[in-house]
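This report goes through one molecular structure, part by part. Please have the sequence and the 3D view open while reading.

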Amino acid sequence: MSGDDRTLRTQPRVQREPFSASRRLRGAALILVLCCNLSTSPCVFAHYSPSGRVGLSGPERVSWSARPIAALLSPALAGELLTVDTAGDPSRSDRSLAGRSLDWPTWRQLRRVLLLQDYNTRVVVLGTTLLGCAAAMVGSFTLLRKRALMGDALSHATLPGIALAFILATLYGGDGKALPVLLVGATISGLLGVATILVLRSLTRLKEDTAIGAVLSVYFGAGVALLSIVQQMREGNAAGLESFIYGKTASMGRADIRLIATAAAACIAGCVLLFKELKLLCFDDAFAGSRGFPVRRLDITLMALVVIVTIVGLQAVGLILMIALLIIPAAAARFWTERLGRMFLISGALGAASGWLGASVSAVFSKLPSGAMIVLVCTAMFAFSMAFGSARGVAVRAFKRRRLNRSIDRQHLLRGLYELLEESSTADDANAQRHEGVRLEALLRKRSWSRPRLLRQIRRCQDDLLVQARGNRVRLTRRGVIEARRLTRQHRLWELFLIHYADVAPSHVDRDADAIEHVLEPEIIEELEAILSRSGPALPASPHRLDQPDPVPPAEGS
Amino acid sequence: MHLWQHWSWQIDGWIIAAGVLCAVASSLLGNFLVLRRMSMLGDAITHAILPGLAVAFFISSSRSSVPMFLGAVIVGVLTALFTEWVRRFGHVDEGASMGVVFTSLFALGLVLIVQAADNVDLDAGCVLYGAIELTWLDTVSVAGAEIPRAVLVLGVVTVINALFVTLFFKELKLSSFDPSLATTTGFSAGLLHYLLMVLVAVTAVASFESVGSILVVAMFIVPPATAYMLADRLAPMIWISVFLATVAAVSGHVLAIEVPRWFGYRSTTTAGMMAVAAGALLALAILFSPRHGVLVKFLRRRRLAWKILADDTVALLYRLQERDPEAATDPNTLRGLLLADQFSFRLVLAWLRRRHYIQRHDGQLRLTRPGRHIARQLVRSHRLWEQYLTSFANIDAARVHDKAERLEHFTDRSLRDELDAATEGAEQDPHGSPIPVERSEPGNHSDS
């Protein structure tokens, strides 16, 4: 591979030079801009190059100023990438493609990171942890309100605001790159984007997803068009503008941390203070409205919290990371609990943990960008939660379903046995026990179960001393008869109830009762008895014929 | 004009061609995304293809387009698949599962690329960096003619998409509106769904390569959304969306050249302006669509409100005079009773006076003969309804007023006769007020 790679690597962007021959053409001016920018940047993918990392090497490695203007031309990507350092450091520039291995850290390096001994590491880890916590907490409300992608739309919609703020500030002689100016611009246009979505959704026939997508792409398109103008401005230096916009995790400073801490505290406080109201809003906004809560204002408050956390996060860590932090921890927390309060706390903890872990991993391994690592840690947590979450995890649900299926199978087996015994008119307890047993084939014909499944179930029931299998015959034990009687009785009570009170034809009740008999509680059985005034242990006869449950319309009920 | 002085078909023509093809290809599929409420999938896919590119680069160790294209398409389809899995197995709602999947894949791709592409020019005429302005530079020769590669690729994709939509029109329609019915009629809605996903990924990647990511997402969603505002049937919706996509592409390029000049700058990016143009079309459609437009709906509702206010005004005058012929009926009192705002009430009064339904006598409003006639009809409808609702719908007499108040405006002669028959010619409503007698001609009889 190396030959090819070397040519790739050594091939400079200046090869676009021949294009300059076409300057006389109308598009020349435009092309020229593009070519110049391309040639100043080693390559577009340079934005993704590796040395933008946090930690060990100290801040001198992080040279953001050198980020090329060409990034402005592909803000769609460059902007969404985080923590990536263009220029890199000279010592690394000779790294070959083959060197894909990670540099394993020494124990000392590891300890330095974990104990937060470096200023840079400390700042970044603290910042991402706080941000993760706040975003995840706000995110748990937006997730439940089914507004998960709102953060996506919002962060894309900030672009035109940032560009306009820069243009206006520069034209009026201010410093276009001043953080407050850009933040105000971003906030205004982000809010405008959210407002547009809400208006589109409520006033037109467009659905929520369409509204989000349309706003996201149109605002972002406008932003890109404006950024291209920004680039042509003679006044003001646009270079590095996008790093103010789109994240600089690796080079977070004390001021950024202060900003993040303030915003995070505000968001967390907002969530905690309005917890009850937001909870009601998420679960039943119509009810909240009828109880006199200002639903619209609450909705706006929630959106404002999202805006605050997103915009602070955007300029600190980048667009995709922000979306991920808003969605993933909350979605992961949902697997662990059914209660909002706990979900809120778990989500915050997961967000904080992924901020901390991601940033630390990135600090330990020099080649892993911190923003992406935070997202991947989040994803790992999500995957784990989805698999093993204690409330809604896939494993737990599968386990519960298996247990239910087994108990259903057992009940079917017992009832099937009992009904077969009943047919041979030996249904009273003593006879049932003396009966030599039911043939396996008869049982197999009773339901659509496979032989292995039936055998497995028989074995399980045998372990519980409910049946005895001898050769090809199965018979109920004393315990088995009692249990089978109870089950058959439940089934028939429900059938009778359906026939008498729900006007279901006797030929159809078997299937309905079959579905529900397994979940009937004793209280319901008592109620059924009261309704049908059949007290006592007597077992009603089946209201339909047992040998051919479906095809033949059976005789009228007992 | 500046535009035409510098226009060059060699450049602008091809740029527009690429833009139009991209817009048409995307919006053809976009219609179904919008209808199936999967609009954000285009966005998710364009973000998520990054690891596909990286892995393709790892495997092929080259930057040629074909492996990259394949890798991106595969990951694009995987995005849809994973989203579906997370939604189904995790019971996470659609938007959130999409958010989880695409941010994760994007981060993964980022890490992979950082490992791979230290200083390697992964970009190289390829996938991520769309620059529609450079379309015309990269040409291939087809049958002797030099055609830009992007135009060729997009042309092929457009043809494929058009074929797909035409051939599977019926199936797509059915499975978009009623997937379970589609499955019961014997073709697999799931298969079609994934076929659609494959094409969405192909289109996204092809367009992404040549014209950039914003444009793809915008064209997937915005023209179909605009068409959705304008049409109620699928076939017209698709035609309209294709037409609008074309308009947006052309006008986007023109705007990109023209608009910045007004402010003294050179041109701006065509892709961005195409998205803006599409957005502007959507805004226009939302405002002025003849059936679903916000403005039209607003006016329709306003007119109805005024008509009802006019009805209420004459009916109120009738009732007041019925109770007490000397009752004060000056406009301000009436307005207070009707809870109407100043503007609407004045408008309605002016209208009523122009139709000679009311007239003014020393500051008091009086019904004219035709006015009294329509007022009597209204009051009769109202009271008949009250009587009917209390006797047949078992509604408490105290609560029928509101319902009757609504129904009276839409009750014509034949319905009144039916109500009359049903209530057996009742002479009083449940509150004890007399039900006025039906009279056919206004004013030939002397009023009581």
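## A strand pair in chain A

In which sense do strand β2 and strand β3 of chain A pair, and over how many bridges? In this predicted model, β2 (residues 467–470) and β3 (residues 473–476) of chain A pair in the antiparallel sense, over four bridges. Two of the partnerships can be named: Q468(A) is bridged to R475(A) in β3(A), and V467(A) has L476(A) in β3(A) as its bridge partner. The two strands form a hairpin with two residues between them. G471(A), in the turn, has a positive phi of about 60 degrees.

The hairpin strands belong to an open sheet of three strands in chain A, ordered β1-β3-β2 with antiparallel pairing. Its edge strands are β1 (438–439) and β2, each of which pairs on one side only. Strands of a sheet pair through backbone hydrogen bonds, in either a parallel or an antiparallel arrangement. Helix α21 (residues 451–463) of chain A lies across β2 and β3 of chain A. The direction of α21(A) is at about 125 degrees to β2(A).

## Two packed helices in chain A

Helix α18 (residues 394–423) and helix α22 (residues 478–501) of chain A pack against each other at an angle of about 95 degrees, and their axes are 8 Å apart. An angle from 65 to 115 degrees counts as roughly perpendicular, and α18(A) and α22(A) are therefore roughly perpendicular to each other.

On the α18(A) side, the residues that meet α22(A) are Q411(A), L414(A), R415(A), L417(A), Y418(A) and E419(A). On the α22(A) side they are G480(A), E483(A), A484(A), R485(A), L487(A), T488(A) and H491(A).

## M322(A) and K146(A)

M322(A) lies in helix α15 (residues 319–333) of chain A. Is this residue buried or exposed? M322(A) has 32 other C-beta atoms within 10 Å and is buried, because 20 or more are enough for that class. Leaving aside neighbours within four places in sequence, M322(A) is in contact with A135(A), G151(A), S155(A), T310(A), G313(A), L314(A) and V317(A). By contrast, A165(A), 157 residues from M322(A) in sequence, is 22 Å from M322(A) in space, C-alpha to C-alpha.

K146(A) is placed in the loop between α6 (119–144) and α7 (150–171) of chain A. Its phi is near 60 degrees, a positive value in a residue other than glycine. K146(A) counts as partly exposed, with 14 C-beta neighbours inside 10 Å.

## Domains and confidence in chain A

Chain A is divided into domain 1 (1–40), domain 2 (119–330 + 342–388) and domain 3 (400–532). The centres of domain 2 and domain 3 of chain A, taken over C-alpha atoms, are separated by 57 Å.

The mean pLDDT of chain A is 72, and 70% of its residues reach 70 or more. Over residues 1–100 of chain A, pLDDT stays under 50; the model has 200 contacts beyond four places in sequence for these residues. Residues 548–558 of chain A also have pLDDT below 50, and this stretch has 17 contacts in the model beyond near neighbours in sequence. Where pLDDT is low, the predicted coordinates should not be read in detail.

## Chain B

Chain B has 448 residues, of which 50% count as buried. It contains 19 helices and four strands. Of the contacts in chain B with a separation of 6 or more, 69% are between residues 24 or more positions apart.

Why is helix α4 (residues 50–60) of chain B described as largely enclosed by the rest of the structure? Eight of its eleven residues are buried, so the description follows. The buried residues in α4(B) are L50(B), P51(B), G52(B), L53(B), A54(B), V55(B), A56(B) and F57(B). α4(B) is followed by S61(B), with a positive phi near 50 degrees.

A further positive phi is found at H91(B), near 55 degrees, in a residue other than glycine. H91(B) lies in the loop between α5 (65–90) and α6 (94–116) of chain B. With 14 other C-beta atoms within 10 Å, H91(B) is partly exposed.

Terms used
Residues are numbered from 1 along each chain as its sequence is written. Chains are lettered from A and ligands numbered from 1 in the order in which they are written. This is a predicted model: local features need pLDDT of at least 70, side-chain atom pairs count only at pLDDT 80 or more; totals for chains, interfaces and linings use all residues. Domain bounds come from an automatic or database domain assignment. A residue is buried if 20 or more other C-beta atoms lie within 10 Å of its own, exposed if 12 or fewer, and partly exposed in between; C-beta atoms are placed from the backbone. Two residues are in contact if their C-beta atoms, placed from the backbone, lie within 7 Å. pLDDT is the predictor's confidence in each residue, from 0 to 100. Two strands pair if DSSP finds at least two bridges between them. Axes are lines fitted to C-alpha atoms, for helices over the stretch in contact, and angles run from 0 to 180 degrees between N-to-C directions. Angles under 35 degrees count as roughly parallel, over 145 as roughly antiparallel, 65 to 115 as roughly perpendicular and the rest as oblique.
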